[in-house]
Amino acid sequence: LAQNLLRSTAMELPWLVSVTCLAWLGVNLQGCGGGGGSSSIETPCSESMQRGQCSRCMCKASGSRCTSPIACVACRAPYVFSPLNETNETGALGFRHGLCAIGCPEVTKPAMPRNALELNGQEWPMACFNGTEVQRFFIIGDWGGILSGSEPLTFKNRPQVVEPIDSHAQSYVARKMAQVADEKRPKFVINVGDNFYPGGISSPGTCNAETDETDPAGEIIFSNIFEKVYKGPGLSVEWWGVLGNHDYGGYHYNVHWDQNIFYTWHSPESRWLTPALFWKRRAQFRNFSADFFFVDTNKVDTYQTPDVDPEHNICSRSHNQPPQPLGCNGTSITNPDTCWKFFDDLWKEQKTWLAKQLKSSSAEWQIIVTHYPPYFEPCRSDAWTSYLADYGVDFYISGHTHLQNASSFEGTPFVISGGGGGITSEILPTTSGEDDGYGFMDVVISHDAMTVTRYSHGGVDNQTIVRGVTSVAPRKAKVTQVVV
């Protein structure tokens, strides 16, 4: 039946040449018994068309039987109907049909807070992209190397190195990222943290959540490790992000991590966007939306006490001793013990916040962005084993592990994009670029599908190498409430 309909429709509408084209035009085939004369009837919209905001659909029919593709004829508010035929003619279907679209309101950037913690849990004004072009964003993490001469150098964290890749990994990834971005034109970049290796900005004792500005220490680092490295027309977009454990200092909790927050207001045109330790933003596209939840999971690297694993513990007692300053102005942190409590309280606050936000989200997509992959404790047991499935989280974006990978956890696809090149990868790279040690990711997003493409660093010959492609489909929530 479908083949007969396609043949007859193709004769009548030669531009409908494939099922893919039908889906792109917002129509799909459906037969429904009956007979009689030819007319137009109202018929249920498919699930895909409903996700594209269609509220009414029609088809040509013989009696009660659809004899043409089903088409969208009306949209849910605030979306508006956009006819496919700009002359508003009915065309071969005999009625006006089209897609749904939304208008983009003007957005005012919130004022810079007096304290870096002030906007925790707040929703940043909506980003809106209502063009008809393919919508996409990039992902990168663990990218900021050591300030040295004309370009940052990769922080060495393993004895065996592959030169020149391991010394200049950030530059290789940035070069390839700029080239792909120039062609693909992402709308924004998702940054999963560990922005500045090995120990964040400045030195222990410089933490000041009430700095209320980007100071000279922050200016130098951001200029040389970020602004001068990630350049080109395709990367002149916002970077939405979180902090990683090295941004807090690695095993020093009171370096100048507040600068990661305040740089958001460095200038009116600043592309850096990390307004809080945890926050939310909606990306509104032409006929769908995605809610991004930015979560601080650095509780992982505070362990049970400040005395456990001192070489990886953010609150490490052995690395935070007098005469070094032990506090962080503008926070509750005064010593290693209160540091541990700060991150414990931060995680507890976020759990409650995130459960509420996920439950109330009306977007077509729910996406979590955080530094640690979902299998790290205590966040795994505290939240991810229940939240991802119960709330139907569609996609989980992370870094921390220094490589590029795609997998699934509790039914939710997740990626690790920890190969930005700020630190040596956990697997040996190759000079050809045929490896998953360093790279970035490109996500194409539509109302009913995402496609994640993993790009390599490109090697010494600057090749464009795709290491893998992952498809992401929408998930449905299992329950309406989670006890937290």
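Me: Which residue with a positive phi follows helix 8?
Reply: Happy to look at this one; keep in mind that the model is predicted. Helix 8 covers residues 379-390. The residue that follows the helix has a phi near 65°, and that residue is Gly 392.

Me: How far does helix 8 reach from its first C-alpha to its last?
Reply: Helix 8 has 12 residues, and at 1.5 Å a residue the expected reach is 16 Å. The helix in the model comes close to that, at 15 Å.

Me: Is Cys 379 of helix 8 buried or exposed?
Reply: The cut-off to keep in mind is that buried means under 20% relative accessible area. Cys 379 has 1% relative accessibility, so this residue counts as buried.

Me: Which helix gives the largest share of the largest nonpolar core?
Reply: That core has 75 residues, and Trp 384 and Phe 395 are among those with the most contacts inside it. The largest share of this core is 9 residues, and they come from helix 7.

Me: Is the disulfide of Cys 45 and Cys 57 right-handed or left-handed?
Reply: The sulfur atoms of Cys 45 and Cys 57 are 2.0 Å apart, joined as a disulfide. The torsion about their S-S bond is about 110°, so the link is right-handed.

Me: How many residues apart in sequence are the parts tied together by Cys 45 and Cys 57?
Reply: Cys 45 sits in the loop between strand 1 and helix 3, while Cys 57 belongs to strand 2. The pair therefore ties together parts whose separation in sequence is 12 residues.

Note on methods
Residues are numbered from 1 along each chain as its sequence is written. This is a predicted model: local features need pLDDT of at least 70, side-chain atom pairs count only at pLDDT 80 or more; totals for chains, interfaces and linings use all residues. Side-chain values use heavy atoms; hydrogens and water are left out. Helices (H or I, at least four residues) and strands (E, at least two) are DSSP runs, numbered from the N terminus. The expected span of a helix is 1.5 Å times one less than its number of residues. A nonpolar core is a set of buried Ala, Val, Leu, Ile, Met, Phe, Trp, Tyr and Cys residues joined through side-chain atoms within 4.5 Å. Buried means under 20% relative accessible area, exposed over 50%, partly exposed in between (1.4 Å probe, protein chains only). A disulfide is a pair of cysteine sulfur atoms within 2.5 Å.
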